[in-house]
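Colleague: I have a structure to read and would like to go through it with you. Could you take my questions one at a time?

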Amino acid sequence: MNKKFGIEKKSVYVVTICLKEEDAEGNPLNWSGLYEDYYADTYEEAQQLKEKFMSGQDEYYGNLVEDCWISDEKKEIEFIVPDKQRQRLFVDMDGTLAVFKPVDEMETLYEKGYFLNLEPHENVVAAVKEIIVRNPDIEVNILSAYLTDSAYALQEKNAWLDRYFPEIDREHRVFVPCGTDKKEGIRDGIRENDFLLDDYTKNLNEWQPPARGIKLLNGINHNRGTWAYDRLRYDREAASLASAIVSVMQGEQQIYDKNFNKASVLSSLHKKQERIKEALTVMGEKSAENCSYEKAARGEER
């Protein structure tokens with residue numbers, strides 16, 4: 001995921017400065033080289049550069065320029081420039097890359113090994129890997145929430161990624177506290193063409209706008225149909241899922257996969273909901289109150 005660079009050829013005027021070998025007190029200046037080249041698109045810009053250097057107004061060299069001259073004609077120079085800024089895909093972990101595991105008590109989320117041992121959504125993991133390999137113009141990042149008061153959550157999430165996504169380095173893994181607007185965790189801010197693949201509607205609503213969201217239907221979410229935009233089922237073949245994600249990102253199509261038959265799943269979740277409410281009454285509210293894990297465990301819309 002290293003930043004790529006390209007070569008651009010451009011015809012420019014070359015402004016060459018010759019530097020003084022000693023300062024006003026006769027001390028040697030020890031330049032790495034006595035000549036430096038600067039470039040200008042027009043002869044007028046080259047003249048302005050020359051006047052700046054010879055008047056001692058340059059911010060770096062000041063009055064240490066001995067002489068300056070401009071090439072008689074434009075010269076073709078090769079410049080190293082960054083390639084076009086890559087589009088970014090941010091991928092959620094719990095419920096998206098990893099199978100969401102409902103819990104009977106919130107304390108289970110704080111147990112050692114809970115996050116480390118989550119099973120992968122194999123099709124989703126394989127699809128994201130395929131995007132990384134086949135679409136180098138897309139920069140893939142992890143964007144996941146974690147329990148800040150857990151002794152294991154962050155460490156285990158990184159260990160899980162080391163196991164299943166060694167190709168995504170630490171620089172491209174973003175973790176935010178549970179309950180936080182995910183876009184606030186992006187250091188350089190999100191762009192309009194950034195995409196978030198997530199199973200939780202709240203995260204997607206906060207992301208879009210200004211950017212775009214894709215909801216992953218994982219078999220237990222979207223039971224109220226509150227997300228009206230692109231959505232993809234996790235059980236697509238990996239190649240189909242990867243192709244669909246890229247197609248949506250490139251604006252080629254909008255995709256609205258149909259949801260699963262929810263009857264048996266919802267019945268099970270409703271039973272768990274009652275047990276969790278009893279557990280929360282005993283435990284009191286913990287820091288996970290505003291976290292998507294708790295909302296999902298309660299059977300709320302993801």
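What follows is a short exchange about confidence, cores, salt bridges and one helix.

Modeller: This is a predicted model, in which local features need pLDDT of at least 70 and side-chain atom pairs count only at pLDDT 80 or more, while totals for chains, interfaces and linings use all residues. Residues are numbered from 1 along each chain as its sequence is written, and side-chain values use heavy atoms, with hydrogens and water left out.

Colleague: What is the mean pLDDT of the protein?

Modeller: pLDDT is the predictor's confidence in each residue, from 0 to 100. Of the protein's residues, 82% reach 70 or more. The mean is 85.

Colleague: Where is confidence lowest?

Modeller: Helices (H or I, at least four residues) and strands (E, at least two) are DSSP runs, numbered from the N terminus. Confidence is highest in strand S8 (residues 195-198), at 97. Over residues 263-267, pLDDT stays under 50, and the model has three contacts beyond four places in sequence for them (a contact means heavy atoms within 4.5 Å). The lowest mean, 48, belongs to helix H6 (residues 263-283).

Colleague: Which helix gives the most to the largest nonpolar core?

Modeller: A nonpolar core is a set of buried Ala, Val, Leu, Ile, Met, Phe, Trp, Tyr and Cys residues joined through side-chain atoms within 4.5 Å. Buried means under 20% relative accessible area, exposed over 50%, and partly exposed in between (1.4 Å probe, protein chains only). The largest core has 54 residues, and Leu89, Leu97 and Ile245 have the most contacts inside it. With seven residues, the helix that gives the most to this core is H5 (residues 238-249).

Colleague: How many residues are in the other core?

Modeller: This core lies apart from the largest one. Among its residues are Tyr13, Val15, Ile17 and Ala46. Its residues number 11.

Colleague: How many salt bridges are there?

Modeller: Side chains of opposite charge can pair when their charged atoms come close. A salt bridge is a side-chain nitrogen of Lys or Arg within 4 Å of a carboxyl oxygen of Asp or Glu. By this rule the count is 18.

Colleague: Arg88 and Asp188 meet in a salt bridge; how many residues apart in sequence are the parts that this pair ties together?

Modeller: The N to O distance between the side chains of Arg88 and Asp188 is 3.1 Å. Arg88 is buried at 4% relative accessibility, whereas Asp188 is exposed at 55%. Arg88 lies in strand S5 (residues 87-91) and Asp188 in the loop between strand S7 (173-177) and S8, so the parts tied together are apart in sequence by 100 residues.

Colleague: Which residues are linked with Arg88 and Asp188 in a network of salt bridges?

Modeller: The network holds Arg88 and Asp188. Linked with them are Arg191 and Asp194.

Colleague: Asp162 and Arg173 also meet in a salt bridge; is Arg173 buried or exposed?

Modeller: The side chains of Asp162 and Arg173 meet at 2.9 Å, N to O. Asp162 is in helix H3 and Arg173 in strand S7, 11 residues apart. Asp162 is partly exposed, at 37%. At a relative accessible area of 8%, Arg173 is buried.

Colleague: Which residues of H3 are buried?

Modeller: Helix H3 has 12 residues and reaches 16 Å from its first C-alpha to its last, close to the 16 Å expected at 1.5 Å a residue. The expected span is 1.5 Å times one less than the number of residues. The buried residues of H3 are Ala153, Glu156, Lys157, Asn158, Trp160 and Leu161.
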